[in-house]
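Please open the model in your viewer and keep the selection panel at hand. The tour proceeds by selection, with a short account of what each one contains.

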Amino acid sequence: MIEWNYSMDWVKSQVVYYICIMDFKRPVFHDLMQRFLAKTELIQVISGPRQVGKTTLVKQLFQQPHWKGIYAIADGIQNDAVWIENQFNAAALVQKQQALPVILAIDEIQKIPNWSETIKRIFDTQRFGDAPKIQCILLGSSNWLMQKG
């Protein structure tokens, strides 16, 4: 007698679904890939509602062999300018230890008060100073708060 295990079928379907999703790359993936390969000194910003694939896009980008990706999320914890600086410092340390450039992705950036001023200051310091040049992707799910900065 064969016993049908519904839960295992569900798990298998979810694994296949996940693999298919991770293999599918939206056109914006290729745009971001080219921007990072060209080493543009621009902060990349991806905003949109929750559950549309922003984090999946970043994870796909981090799978590429050209760089080391670091993902930080500002959701659900008390964050401030010091937290952002700590993320950049950690990324700079990783970049010094490896022969690869680093891309830092900060998700839900809009939840940090005055985030835009902190990011601009850090970005200008590394652009015009001797600090390691960390490439950056900012992700957010609230367009209004992202624009407010």
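The stops below cover a central strand, the nonpolar cores and the salt bridges. The model is predicted.

**Stop 1: strand 3 and its neighbours**

Select strand 3, residues 102–107. Six of its six residues are buried. Colour the two faces separately: Val-102, Leu-104 and Ile-106 lie on one side, Ile-103, Ala-105 and Asp-107 lie on the other, and all of them are buried. This arrangement may be read against a general pattern: in a regular strand the side chains alternate between the two faces of the sheet.

Add strand 2, residues 68–73. Strand 2 and strand 3 are paired in the parallel sense, with six bridges between them. To locate one bridge, select Ile-70, whose partner in strand 3 is Leu-104.

Next, add strand 4, residues 135–140. Strand 4 also runs parallel to strand 3, and four bridges join the two. Here Ile-103 stands opposite Gln-135 of strand 4. Display helix 5, residues 115–128, as well: strand 3, helix 5 and strand 4 form a right-handed β-α-β unit.

**Stop 2: the nonpolar cores**

Which residues have the most contacts inside the largest nonpolar core? They are Ile-84, Phe-88 and Ile-106, in a core of 20 residues. Strand 2, helix 4 (81–97), strand 3, helix 5 and strand 4 each contribute at least two residues to this core. Helix 4 provides the largest share, with six residues.

Centre the view on Ile-84. Beyond its neighbours within four places in sequence, Ile-84 is in contact with Ile-106, Ile-109, Ile-112, Trp-115, Thr-118, Ile-119 and Ile-122.

A second core, separate from the one just visited, has 14 residues; among them are Leu-32, Leu-61, Ala-105 and Ile-137. Ala-105 and Ile-106 thus offer a convenient pair to display together: they lie on opposite sides of strand 3, with Ala-105 in the second core and Ile-106 in the largest one. In general terms, nonpolar side chains of soluble globular proteins tend to be buried together.

**Stop 3: the salt bridges**

The whole structure contains four salt bridges, and three are visited here, beginning with Arg-127 and Glu-41.

Show the side chains of Arg-127 and Glu-41; their closest N and O atoms are 3.3 Å apart. Arg-127 belongs to helix 5, while Glu-41 is in the loop between helix 2 (27–37) and strand 1 (44–47), so the pair ties together parts that are 86 residues apart in sequence. Both ends are partly exposed, Arg-127 with a relative accessible area of 37% and Glu-41 at 41%.

Move to Arg-50 and Glu-108, which form a salt bridge with an N to O distance of 3.5 Å. Arg-50 lies in the loop between strand 1 and helix 3 (54–62) and Glu-108 in the loop between strand 3 and helix 5, so this pair ties together parts that are 58 residues apart in sequence. Is each partner buried or exposed? Arg-50 is partly exposed at 47% relative accessibility, whereas Glu-108 is buried, with a relative accessible area of 4%.

Finally, select Lys-120 and Asp-124, whose side chains meet in a salt bridge at 2.6 Å, N to O. These two residues are four apart in helix 5, and are therefore separated by about one helical turn. Lys-120 is exposed, with a relative accessible area of 51%, and Asp-124 is partly exposed at 24%.

Definitions and conventions. Residues numbered from 1 in each chain as written. Predicted model: local features only at pLDDT ≥ 70, side-chain atom pairs only at ≥ 80, totals over all residues. Heavy atoms only, no water. Core = buried A, V, L, I, M, F, W, Y, C linked by side-chain atoms within 4.5 Å. Buried < 20%, exposed > 50% of the residue type's maximum accessible area, 1.4 Å probe, protein only. Contact = heavy atoms within 4.5 Å. Pairing = 2+ DSSP bridges. Right-handed = clockwise from strand over helix to strand, strands pointing away.
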